[in-house]
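Here are a few exercises on charges and cysteines in a protein chain. Try each task before you read its solution.

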Amino acid sequence: MLGSAVRASTNHRQHYFLENPSLLSSLRHISSSKSNGNANQHSFTVSYLVNKCGFSLKSALEASKRVHYETPHKPDSLLSFFKDHGFSENQTLKLTRKCPELLLYNPDKTLLPKLEFLYSKGVSTADVAKIISFYPWILRCSLENQLVPTFDFLKNWFPNDTIVQVFKSTPLVLQLNPVTVKYISQILRDNGVPDKNIVMLVRSHPKTLLLSPKKFNKVLCKVRKMGLDPCKTQFVVAILALTSMSRSTWEKKLDVYRRWGLSHEEILAAFAKSPWFMTLSEEKVVAVMDLFVNKLGWESSFIAKNPTLVSYSLEKRLTPRASVLQFLVSQGLIEKSFRSTTFFIASENKFLQQFINQRAESTQILKLYQEKLNLSR
């Protein structure tokens, strides 16, 4: 019996190598660095991942450091398990490439209870397959110690049906540590942050709640020192902005705005009004400031006092409307000293009605505007 098992294992390996003979030459170096038995096992794993799961040779070699198969029996059973539970072939291959360790799991003992838990909470079979293929790491979480207590904690914040929607849009929420989230939530409440804003934080940006309490406290204190009102949405948005970047990145953003003549106080005041002001890329900031300061002749201080202007799309909003403004100024239809946030933040219909349609030159202006818009598409 033992001899038969060994022969069967050897035949399985030979079969997978024959499917892709080029792998043999690519894997020769493995034998020189490992004992023969380990090398064969390692080589078989790589071959399986390439032939059956669509891995590149490089990614298969990397994954084989963490997963090992002697025969295709166990990984084949996992692939069949996902197929039997509504996963398409593409979804199954996608999740195995993201998290190859799943091919080592016991499907009925370890994975099935987690899928059944999600089904019991109202997540459809199709949605489970879609979510897991996108974020397979959920299946590595403990059902008893992570998924169940986290779901129970979230019920305090969201109605049952809303939790499903939150989970579908942000699977990461089920990996939050309930103890940490409870602690951070209480810190926010103690600092005057309304529950609705805490819910927004949990729902839209759960990664923030993966921070250690110590680091979160540090960010919270920094936001408070800037004078932001805890009762307003900007307070939690500022926390999100600060946790999304390192200290060195923050300093670089400050330098970018300083180069346009803004003081440290002006920059912080702009951040307090619109925290996303400091999250934009250096290229975007430079382009927007160049448009307003160099091309339109507006003062950089005006932009700092109206920081939401920086967040709009250059191609789809700012540049086309700036071209209209330049034309109106050149024709003497608007004073050069004209400054208006409405010109750029107004809805499309309001912009056309207020600044184009009512003018005698409306046809010419509209043509110019539409040409600029078309260039952005």
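**Exercise 1.** Work out how many disulfides the structure holds.

Solution. Start with the rule: a disulfide is a pair of cysteine sulfur atoms within 2.5 Å. By that rule, the structure holds 0 disulfides. As a reminder, a disulfide is a covalent bond between the sulfur atoms of two cysteines.

Before going on, note that this is a predicted model, where local features need pLDDT of at least 70, side-chain atom pairs count only at pLDDT 80 or more, and totals for chains, interfaces and linings use all residues. Residues are numbered from 1 along each chain as its sequence is written, and side-chain values use heavy atoms, with hydrogens and water left out.

**Exercise 2.** Decide whether Cys53 is buried, partly exposed or exposed, and do likewise for Cys221.

Solution. Step one is the scale: buried means under 20% relative accessible area, exposed means over 50%, and partly exposed lies in between (1.4 Å probe, protein chains only). Step two is Cys53: its relative accessible area is 0%, so Cys53 is buried. Step three is Cys221: with 42%, Cys221 is partly exposed.

**Exercise 3.** Find the partner of Lys52 in a salt bridge, and give the N to O distance.

Solution. First, the rule: a salt bridge is a side-chain nitrogen of Lys or Arg within 4 Å of a carboxyl oxygen of Asp or Glu. Next, the partner: the side chain of Lys52 meets that of Asp76, at 3.5 Å from N to O. This pair links distant parts of the chain, 24 residues apart, with Lys52 in helix 4 (residues 36–53) and Asp76 in helix 6 (residues 73–84). Helices here are DSSP runs (H or I, at least four residues), numbered from the N terminus. Finally, the surroundings: Lys52 is partly exposed at 33% relative accessibility, and Asp76 is partly exposed at 23%. In total, the structure holds 11 salt bridges.

**Exercise 4.** Name the residues that form the positive surface patch, and say which helix gives its largest share.

Solution. Begin with the rule: patches are made of residues with over 30% relative accessible area and no salt bridge, and like charges are joined within 9 Å. Lys and Arg count as positive. The patch is then formed by Lys214, Lys215, Lys218 and Arg247. Its largest share, 3 residues, comes from helix 14 (residues 213–225). Arg247 is found in helix 16 (residues 247–258), and its 62% relative accessibility is why Arg247 counts as exposed.

Key. Patches are made of residues with over 30% relative accessible area and no salt bridge: like charges are joined within 9 Å, nonpolar side chains (Val, Leu, Ile, Met, Phe, Trp, Tyr) within 5 Å. Accessible areas come from the Shrake-Rupley method with a 1.4 Å probe; for residues, only the protein chains shown count as cover. The place of a charge is taken as NZ of Lys, CZ of Arg, CG of Asp or CD of Glu. Helices (H or I, at least four residues) and strands (E, at least two) are DSSP runs, numbered from the N terminus.
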